[in-house]
Amino acid sequence: MKKTIFLTIALLAASATSSPSAEAANPNVMDIKTSITDDAVVFPETFEQDTQKLLEGWYMRNYTATDNNYTAKKDVDTSDEAIKTRLASMPTVIEMPFNSIVRQYIDRYTKSARPQVAAILGLGLYYMPIFEQALEERGLPQELKYLPVIESALDPNAVSKHGATGLWQLMLATGKGLGLECNSLVDERRDPYTSSRAAADLLKQLFETYGDWSLAIAAYNSGPSVVNKAIRRAGGDPSKADFWSVYPYLPEETRGYVPMFIAANYVMTFYPQHNISPVLPTKPLVTDTVGVTDRMHFDQIEAVLAIPKDELRILNPQYREDIIPGSPEHAYMLVLPSKQIHAYLMSHDQILSYQADKYARRASVEPGDPTETAPAIVSAETPATVTQQPQEAPSAPTTVMHKVAAGETLTSIAANYGVQAADIRSANNLRRNAVRVGQVLTINGVDPALVAASRKDAAAAALVADTNSEDISASQTQAQTRQTKKDTAESASKNTKKKETAQTGQKKTGSAGKKQKATVHTIKSGENLGRIAKKYGVTVDAIKKANGMKSDAIRAGAQLKIPAKK
């Protein structure tokens with residue numbers, strides 16, 4: 001809709017009839033900043049935010065309490081003079097003039113947007129200190145902390161129709177130009193800390209360009225090119241231009257940006273005078289940060305530390321897929337409640353090992369070749385197969401292809417074959433100990449005796465499974481004909497012999513199990529139960545049960561009984 005701008009300047013009317021002496025007596029009868037009017041104010045997108053979603057968010061439900069004043073009581077009738085006086089009393093560096101346009105935005109906040117103001121006040125308990133710190137570090141006016149109120153309604157995941165994202169609504173190119181990381185997994189425009197520092201840098205640059213905060217704020221919204229064009233169209237001395245002098249030449253949404261900024265400062269300061277509910281903290285949210293140098297999923301942190309995933313998302317909105325892509329070369333910051341930092345550090349290995357197969361990422365994949373004979377795989381279903389290699393002596397170490405089964409770890413696999421986990425990593429170009437179900441590993445230096453034992457175990461297990469299958473089949477067909485009963489009896493006789501054979505095979509392979517005796521481990525400084533359990537291929541619960549432990553606490557120099565692997 002085309003806007004109609006009414007600029008009333010009494011000086012123009014007076015100049016037609018007054019004498020030169022009268023003009024000298026009254027050089028400025030009325031200031032444009034206070035006389036300007038606009039009959040078609042455009043309200044930015046933030047007024048269309050889902051206010052109920054803000055009020056019912058995780059942070060609002062868990063850390064704040066509100067009453068229903070904003071719904072039970074109406075706005076108080078306030079005169080223009082009262083609002084003008086309050087604006088003038090605010091301790092701000094940036095000029096806060098009052099006019100009819102500013103009044104329209106104040107009324108919108110204090111009347112139809114009352115629930116939104118209540119939600120923003122509650123969210124501000126957490127976000128405002130972050131904004132204030134970034135502005136203070138760069139020597140900028142503190143009143144700029146209310147820009148995210150009109151930009152995003154304090155929603156770190158807000159995205160405009162133009163693609164501006166985050167609390168400060170930075171465009172992708174702008175964010176990257178300010179040094180922010182923006183990709184499929186990480187978008188630092190959503191990070192309250194990094195985006196606040198970047199936005200403060202941008203605002204400082206704009207102020208140094210224009211020398212006027214109203215123009216710098218307008219350029220933050222629309223871009224410097226739009227403001228520069230408006231200044232040229234307005235004519236006059238560019239060094240004396242401000243937002244109000246170029247107002248008619250700005251785009252519709254930018255015209256309302258500075259008035260809305262003034263209104264936000266007013267409402268965030270004088271909301272009690274308009275019967276808007278004061279939002280009170282029910283408990284403090286004190287946070288701290290820790291560097292993450294491993295790829296980690298929020299589900300793993302939630303499971304081990306019992307921190308709700310919604311809380312992790314509120315504190316770390318920059319991780320778009322709940323994945324922290326940490327690496328030894330690049331540590332990513334994780335924000336946690338301060339009381340959970342120590343628990344995270346103590347449980348780091350346990351977090352990484354929780355469902356590691358599910359969250360592991362393959363570094364390389366070799367496609368299969370249908371023209372070649374696939375190597376035999378060692379798994380729970382298939383006996384170990386020795387790679388065909390010329391051997392001079394039967395006892396020479398050999399190579400085995402092993403398929404990872406559910407519940408197996410690199411440490412347990414290495415123990416089963418009598419080799420070191422580091423050797424398996426080296427042979428398969430693995431950077432970490434994480435393996436996934438179904439992954440095929442090349443294992444060198446395996447004792448042929450262990451391979452033979454593995455083959456016997458697998459054959460015996462297959463024989464027992466075969467027996468159980470035939471028993472079920474016999475019971476199902478027993479009710480049919482006499483001939484069927486006779487066949488079933490013969491089958492049962494054969495199965496008995498097979499069971500005896502399987503038991504004999506199990507006794508023969510029992511010697512390998514006897515080697516896995518319980519051992520005693522002397523705890524070294526820096527060790528924890530998770531690392532000790534991995535070292536011996538057992539579970540933490542098994543160690544605690546074997547030693548009658550009720551907690552995970554251990555001390556250096558003490559001895560632990562390590563149970564045999566099952």
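# Helices, loops and buried residues in a predicted model

Reader: In which helix is the place of D349?
Author: The model discussed here is a predicted one. Within it, D349 has its place in a helix that covers residues 348-353, and this helix is α20.

Reader: Is D349 buried or exposed, and what is its relative accessible area?
Author: A residue counts as buried when its relative accessible area is under 20%. D349 falls under that cut-off and is therefore buried, with a relative accessible area of 18%.

Reader: Which residues is D349 in contact with, leaving aside its neighbours within four places in sequence, and which residue has a side chain joined to that of D349 by a polar contact of 3.4 Å?
Author: Once the neighbours within four places in sequence are left aside, D349 is in contact with N528, R531 and K534. The polar contact of 3.4 Å, on the other hand, joins the side chain of D349 to that of H348.

Reader: How many helices and strands does the protein have, and what percentage of its residues count as buried?
Author: The secondary structure of the protein comes to 27 helices and 12 strands. Of its 566 residues, the part that counts as buried is 42%.

Reader: Among the contacts in the protein with a separation of 6 or more, what percentage is accounted for by residues 24 or more positions apart?
Author: This percentage concerns contacts with a separation of 6 or more. Among these contacts, residues that lie 24 or more positions apart in the protein account for 71%.

Reader: How far apart are the end C-alpha atoms of helix α8, and what span should its 13 residues have?
Author: Helix α8 runs over residues 100-112, and at 1.5 Å a residue its 13 residues should span 18 Å. The distance between its end C-alpha atoms agrees with this expectation, because it is also 18 Å.

Reader: Which residue has a side-chain oxygen that reaches the backbone nitrogen of I101 at the start of α8, and which residues of α8 are buried?
Author: At the start of α8, it is N99 whose side-chain oxygen comes to within 3.0 Å of the backbone nitrogen of I101. I101 is itself among the buried residues of α8, and the full set of these is I101, V102, R103, Y105, I106, Y109 and T110.

Reader: At what angle do α8 and helix α9 pack, and are they roughly parallel or roughly perpendicular to each other?
Author: Two packed helices are described by the angle between their axes and by the distance between those axes. For α8 and α9, which covers residues 114-137, the axes are 5 Å apart and the angle is about 85 degrees. The contact is made by Y109, T110, K111 and S112 of α8 together with R114, P115, Q116 and V117 of α9, and these residues divide into three nonpolar, three polar and two charged. At an angle of about 85 degrees, α8 and α9 are therefore roughly perpendicular.

Reader: How do the residues of the contact of α22 with α23 divide?
Author: Helix α22 (residues 410-417) and helix α23 (residues 421-428) pack at an angle of about 105 degrees, with their axes 8 Å apart, and they are therefore roughly perpendicular to each other. In this pair, L410, I413 and A414 of α22 meet A421, I424 and R425 of α23. These residues divide into five nonpolar, no polar and one charged.

Reader: Which helices are included in what covers the buried residues of α13?
Author: Helix α13 (residues 213-222) is mostly covered, since eight of its 10 residues are buried, and they are W213, S214, L215, A216, I217, A218, A219 and Y220. What covers them includes α10, α12, α14, α15 and α16.

Reader: How many of the 14 residues of α16 are buried?
Author: Helix α16 takes in residues 257-270 and reaches 20 Å from its first C-alpha to its last, close to the 20 Å expected at 1.5 Å a residue. This helix is mostly covered, and its count of buried residues is 13.

Reader: Where is N275, a residue with a positive phi although it is not a glycine?
Author: Most residues other than glycine have a negative phi. N275 nevertheless has a positive phi of about 60 degrees, and it is partly exposed, with a relative accessible area of 23%. Its place is in the loop between α16 and β4.

Notes
Residues numbered from 1 in each chain as written. Predicted model: local features only at pLDDT ≥ 70, side-chain atom pairs only at ≥ 80, totals over all residues. Heavy atoms only, no water. Helix = DSSP H or I, 4+ residues; strand = E, 2+ residues; numbered from the N terminus. Expected span 1.5 Å × (residues − 1). Buried < 20%, exposed > 50% of the residue type's maximum accessible area, 1.4 Å probe, protein only. Polar contact = N/O pair within 3.5 Å; in protein donor to acceptor, adjacent residues only side chain to side chain. Axes fitted to C-alpha atoms, helices over the stretch in contact; angles between N-to-C directions. Parallel < 35°, antiparallel > 145°, perpendicular 65-115°, else oblique. Contact = heavy atoms within 4.5 Å. Nonpolar A, V, L, I, M, F, W, Y, C, P; charged D, E, K, R; others polar.
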